[in-house]
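Please find below some comments for a colleague who is going through this model residue by residue. They are arranged as numbered points, each of which can be checked against the coordinates.

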Amino acid sequence: MDDTTPPAVGDDAPGFTAPVADGDGITPRSLDAYLDGTPTVLAFFPAAFSGTCTEEFCTFRDRLGPLASDAATVLGISTDLPWALAEFRDAESLPFPLVADNDGVICADYGVRTRYERLGIDGVARRSVFVLDADGVVTYRWLADEPGNEPDYAAVEEAVRDAAEG
């Protein structure tokens, strides 16, 4: 898959292995390690500690955190260094792992690697959400039109429920 075409609903999600900050330190893990019989939410975000990203992940914490405990896995993914993601996770009391895509390969594979011209920043994640079923098939996809857009959290919750029933 090239870095311009995000996987569509019905596509197999691209696999990956990357450093993950999960409360037990920083450990390389694969996507397959999280596909454990429940849906998986992949939430790509441009930058830890930025205003919109903090608001988005605190909302995910509050709305999807309860789901993440037993009904789904939530993974935040950005191009930040794993140590920054560990600090962000701790600072915001996020109950789910954050994946460090330092080289932007995961973002490219998901078609969400972007450039913010106004800031002169290249190779960061476009804010986006993919919900995968237990087999790693994309069942929901949302891509932000602008960096300040946040997902429809109710739609993400519904997509998680639908993938669990699927």
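The points below deal with strand pairing, aromatic pairs, one helix residue and a surface patch.

1. The model is a predicted one, and the points that follow should be read with that in mind. Residue numbers count from 1 along the chain as its sequence is written.

2. Strand β1 (residues 17-21) takes part in two pairings. With strand β2 (residues 26-30) the pairing is antiparallel and runs over five bridges, Val 20 having Thr 27 as its bridge partner in β2. Four residues separate the strands of this hairpin, and among them Gly 23 has a positive phi near 95 degrees. With strand β5 (residues 98-100), β1 also pairs in the antiparallel sense, over two bridges, and here Ala 21 stands opposite Leu 98.

3. Another hairpin is formed by β8 and β9, with five residues between the strands, and Gly 136 in its turn has a positive phi of about 85 degrees. The strands, β8 at residues 128-132 and β9 at residues 138-143, are antiparallel and joined by five bridges; Val 131 is found opposite Tyr 140 of β9.

4. Across the whole structure, 10 aromatic pairs are found. In one of them, Phe 57 and Phe 88 meet edge-to-face, with 6.4 Å from centre to centre and 70 degrees between the planes. Because Phe 57 belongs to helix α1 (residues 51-70) and Phe 88 to helix α2, this pair ties together parts that lie 31 residues apart in sequence. Both rings belong to buried residues, since the relative accessible area is 0% for Phe 57 and 0% for Phe 88.

5. Phe 57 also pairs with Phe 96, and this pair is tilted because the planes stand at 50 degrees, with the ring centres 6.0 Å apart. Phe 96 lies in the loop between α2 and β5, so its pair with Phe 57 in α1 links parts that are 39 residues apart in sequence. Phe 96 is buried as well, at 1% relative accessible area. The aromatic cluster that holds these residues also includes Phe 45, Phe 49, Phe 60 and Tyr 153.

6. Is Ile 106, in helix α3 (residues 105-109), buried or exposed? Its relative accessibility of 5% places Ile 106 among the buried residues. Its contacts beyond four places in sequence are Phe 16, Ala 18, Phe 44, Ile 77, Val 99 and Asp 101. The C-alpha atoms of Ile 106 and Phe 44 are 9.7 Å apart, although 62 residues separate the two along the chain.

7. Finally, Ile 26, Leu 81 and Trp 83 make a nonpolar surface patch of about 330 Å². Leu 81, in the loop between β4 (73-78) and α2 (82-91), is exposed, with 51% relative accessible area.

Technical notes: Predicted model: local features only at pLDDT ≥ 70, side-chain atom pairs only at ≥ 80, totals over all residues. Heavy atoms only, no water. Pairing = 2+ DSSP bridges. Patch = residues over 30% accessible without salt bridge, like charges linked within 9 Å, V, L, I, M, F, W, Y side chains within 5 Å. Areas by Shrake-Rupley, 256 points an atom, 1.4 Å probe, with all protein chains shown as cover. Salt bridge = Lys/Arg side-chain N within 4 Å of Asp/Glu carboxyl O. Buried < 20%, exposed > 50% of the residue type's maximum accessible area, 1.4 Å probe, protein only. Contact = heavy atoms within 4.5 Å. Phe/Tyr/Trp six-rings, centres within 6.5 Å; stacked < 30°, edge-to-face > 60°.
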